[in-house]
Amino acid sequence: MVCPVEAYSGIRGRVHYQCLNYRLILSLTSVRIAPMDSAIIGRIVQETAISESAVTTTISLFEKGATGPFIVHYRKEATGGLDENKVRLIQERMIHYREVWDQRAALLKLLSEQGKLTDELRNKIESCFTKAELDDLHHQFRPRKKTRAAEAAEKGLEPLAEYFWNQEADAWSLEEHINVFVDPAKGVPTQEAALQGSVDIIAEWIWANFEYRKALRNMLWTEGALVSTVVPAKVGQKTKYTMYYERREPVTQIPSHRVLAIRRGCKEGILISSIEGDNAKAVDFLLSSVIKDKESIFAPILEIAVRDCYARILRPLIETEVRTQLKERADREAIKVFQENLANLLLSPPAGPITVMGVDWGKGDECSAAVVNETGAFLEGAKIRFTPVPARPQPKAPEAKPTDPSPAAVDQTPATEVAAEPAIETQPQPSEETAEAPAPDATPEPFTDNLQAVAAEPQEPAVEIPAAEPAESVQQPDLNPAPVGPAETAAEQPDAVARPETQDAEPAPVAESSIIAEAPTAEPLDAPAEAAPRPGSEIEEAKRILRELITKYKVQAISIGTGTGARELETALRQIIADEKLGDILIAAVNDAGIAIYSSSRIAREEFPDWSASARCAVSLARRLQDPLSELVKIDPKLIGVGQYQHDVDQKELHRGLLQTVQYCVNKVGVNLNASGESLLRYVSGLNDKLARKLVAHRNTQGSFSSRASIISAVNMDKTTYEQCAAFLRIPGAENVLDRTAVHPESYPIVEKMASALSISVNDLVGNKDHISKLKLEDFVAEGIGIPTLNDIREELLRPGRDPRKTFKIPKFRADVREMSDLTPGMTLEGTVTNVTNFGAFVDIGVRQDGLVHLSQMSNRFIRDPREAVKVGDVVQVKVISVEPETKRIGLSMKALLPASQRRRKKQQRYSSKSPHAGRRPEGAATEAAGTDPASSSAASERALSPGAHSKSGRARDGKHRYRNKGPRRFENAEEEQQRKREPVPKLPEPTLQEKIAILQSKFRRIN
């Protein structure tokens, strides 16, 4: 007999599977460059809402080897002026469909080799454009363990199952058909066993049907809900997942960060989650699809098979597929958030080419200081050791209340509740995020708490602490080596949250006295270890060395990290600068994310082979202040830590997306060919690691490049690569002034033509606003060069080599706020945005723990995305609204500092005076704007109930004068007003259909 399974058209016979290595199939998929068919281009057009011509042209440029930045900046006419986001979206969808295409080709090849490929099956596979649909088709041929259906088929029960499936009665009764297959020798001793075996076979046939699975998956995706509960062992306990203990949200509406939070809670053994849908509706769909006649004798058996298949096979399978799709959607959103935050961080404003001293705290009480020049080359370094100086014991004063409370103590505004996410969503803690990345042995140790202890309790007698043992000397071959470029590395770093911070305000009086008692001491980096010197000599020696370094190299800024003790180090340096009268020197705390990994990287060791990790960190801190982009590209972007749940998303997709973001940022700013290292050059459009090394090697051996054209012969670069990278490589001081700008070499003839039109040279044209304003761009339109490109050329000529990044700015932290314990609700602080997620933004306010500005506390207007209000690196004003020391949560508000905006009042519906419900207020309408007093609300209700408040249309019909409400109704006395308030509102009759139509007509009259 022929098996009626219709899981695939044209496939009949016993349901069996051949062994297949599924991983081998997946390994065959790869992103290959080949012409895309019109069907895929059409789907990209539909998904991106971009014109078909622009999508086709962009894909064609990608297939020819062009990069995203090059297409965005220098092929605007071809793409219709697509911006960076649209070009990147087209590229992402193109890569996705390449993978789908390869997966589809691999499946067709597999079926062809197995001899199971038919024309109908081929058409079905070629019509699939999603990985989920291809996985559904692949289920039929995926190797599976021996099933109950396979065992039943081996017992010869498949013909009986086919009899039930076909649902065609014959001369034999049902029992007679079953008795034929009862055979104890084959393992079918009774009718019940035969019936159960046939039910198992039918259940697998239902499972194998592609259309059934597709319909059930769509049903669960659109109507299902993600449900999370707490495990029994954690009931009643407060954890960071408390808000997810009993939570239910629709699959189509749940935000990505909540999906990832629930998944992490399940991984940590605190939560249990499931995808719940309408099981009854799903079973009814299967019953109606399988059973032809509900009154037939086959219906009960088929119903048993349907319910068994759904409960045992289909439901777990479909739930797993929906979970996978939900995870993929959450991953895409989380990666997008990470990309946006990374771009904002990489494009942080640079301090510029100034002489900077970097100070990093190493092991114990030891600090490393390093001075770099304007180009980032190391000049000189020293070691500084902070040790407490014994203070004279003072008699213990009786406890008394402070007579001069600080502003922080006075401002005790009660905290307001903040609708915040759990700790897992508010701040990546070391136990959650940073613990997942390996910490190297060279990680600098944090500050000691000596400075903090003295500053916190000045009234207590100081404890006498012996001088610290001398720290190990840092060896270096030469204190004043020849200037070299910045160290380059691609090393990874631990996952951390970037927290740039600084303080321009003067330190509090208490902090001043403590710092004077604990001034740092210093010694050169190559000084041998000696016995611990006397405290007095340490103070003077430290001041002397810092004074000599600052005055010798005319240091303009001091850069420190944002780790533990950064505020204390900043205060100490300010005190020394004030004591030595060294002038106005900027002290800034920069983002030190990943600096420990950089310090132990291969390239850092090659540049400073005999240095300690702390000394290398000091150089990197100085360079980060000069140009954050040049230093941050040396680190794996995944480890910078400005994303949400970055360790829970697809790491391959995350890595690809972040590298793409770095490339766009580097090319947006441009690269100095004669000063940049390998780590920066490798991200230039068209270049890679190999070409970057060749460029640096040629520069080191043959000298600086004098022109862009010389690049081709220097490293044997082909014309296509040169076309991609030339405009993004800048050569300051080049003979051709256009080589210093972002004008592409292919547009040089256009600029020369512009100069000739004005009878001047190109050198006289560049940067001359008067001459450039005389140009008529329409006169220079040529093939491939339109108005968009000409506008870009004009802007570049006006500001040659311009930097698109914002002006450098640092926040001013309050001197009296150093620890979380110093915070009180109501304080107004300034801070830097360190991370932006879907539920809010984290702000560094200088207390070692970032505070959360929830989405609801960002603006007094409705916003859907926190990035509408802030970006990473922004300096913002915030107000403290809650402090939770036990959970290390700080609630902040930006909305509280904004001017109060009047909430727009909803326009009240007016009714015709002729209708019986005239003056009746629509049910559910708002009475007054928020914040009004009860009296005014009552008055508004009276106006709404007043018969005189009829519409314009009513006035036109009855000819009466329309009553205009200009304010609350005035009563003769207070007693009358109170009496009116106590009167019950009469229940008006429901308007008739004609009256409703009249109301709608009056609405449209007013609109028109």
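This passage describes a helix, a pair of strands and several salt bridges in a predicted model.

Helix α25 spans residues 613–626 and contains 14 residues. The distance from its first C-alpha to its last is 20 Å, close to the 20 Å expected at 1.5 Å a residue. Because 14 of the 14 residues of α25 are buried, this helix is largely enclosed by the rest of the structure.

Strand β1 (residues 225–230) and strand β3 run antiparallel and are joined by six bridges. In one of these pairings, Leu226 has Ile275 of β3 as its bridge partner. The side chains of β3 (residues 271–276) alternate along the strand. Leu271, Ser273 and Ile275 point to one face and are buried, whereas Ile272, Ser274 and Glu276 point to the other face and are not buried.

The structure holds 39 salt bridges. One of them joins Glu380 and Lys552, with the closest N and O atoms 3.2 Å apart. This pair links distant parts of the chain, as Glu380 belongs to strand β6 (residues 378–386) and Lys552 to helix α21 (residues 535–553), 172 residues apart. Glu380 is buried, at 17% relative accessible area, while Lys552 is exposed, at 51%.

A salt bridge within helix α27 (residues 651–669) involves Glu653 and Arg656, which lie three residues apart, about one turn of the helix. The N to O distance is 2.6 Å. Arg656 is partly exposed at 29% relative accessibility, and Glu653 is also partly exposed at 29%. Both residues belong to a network of salt bridges with Glu99 and Lys131.

Arg805 and Asp803 form a further salt bridge, with the closest N and O atoms 2.8 Å apart. Arg805 is buried, with a relative accessible area of 13%, whereas Asp803 is partly exposed, at 37%.

Terms used: Residues are numbered from 1 along each chain as its sequence is written. This is a predicted model: local features need pLDDT of at least 70, side-chain atom pairs count only at pLDDT 80 or more; totals for chains, interfaces and linings use all residues. Side-chain values use heavy atoms; hydrogens and water are left out. Helices (H or I, at least four residues) and strands (E, at least two) are DSSP runs, numbered from the N terminus. The expected span of a helix is 1.5 Å times one less than its number of residues. Buried means under 20% relative accessible area, exposed over 50%, partly exposed in between (1.4 Å probe, protein chains only). Two strands pair if DSSP finds at least two bridges between them. A salt bridge is a side-chain nitrogen of Lys or Arg within 4 Å of a carboxyl oxygen of Asp or Glu.
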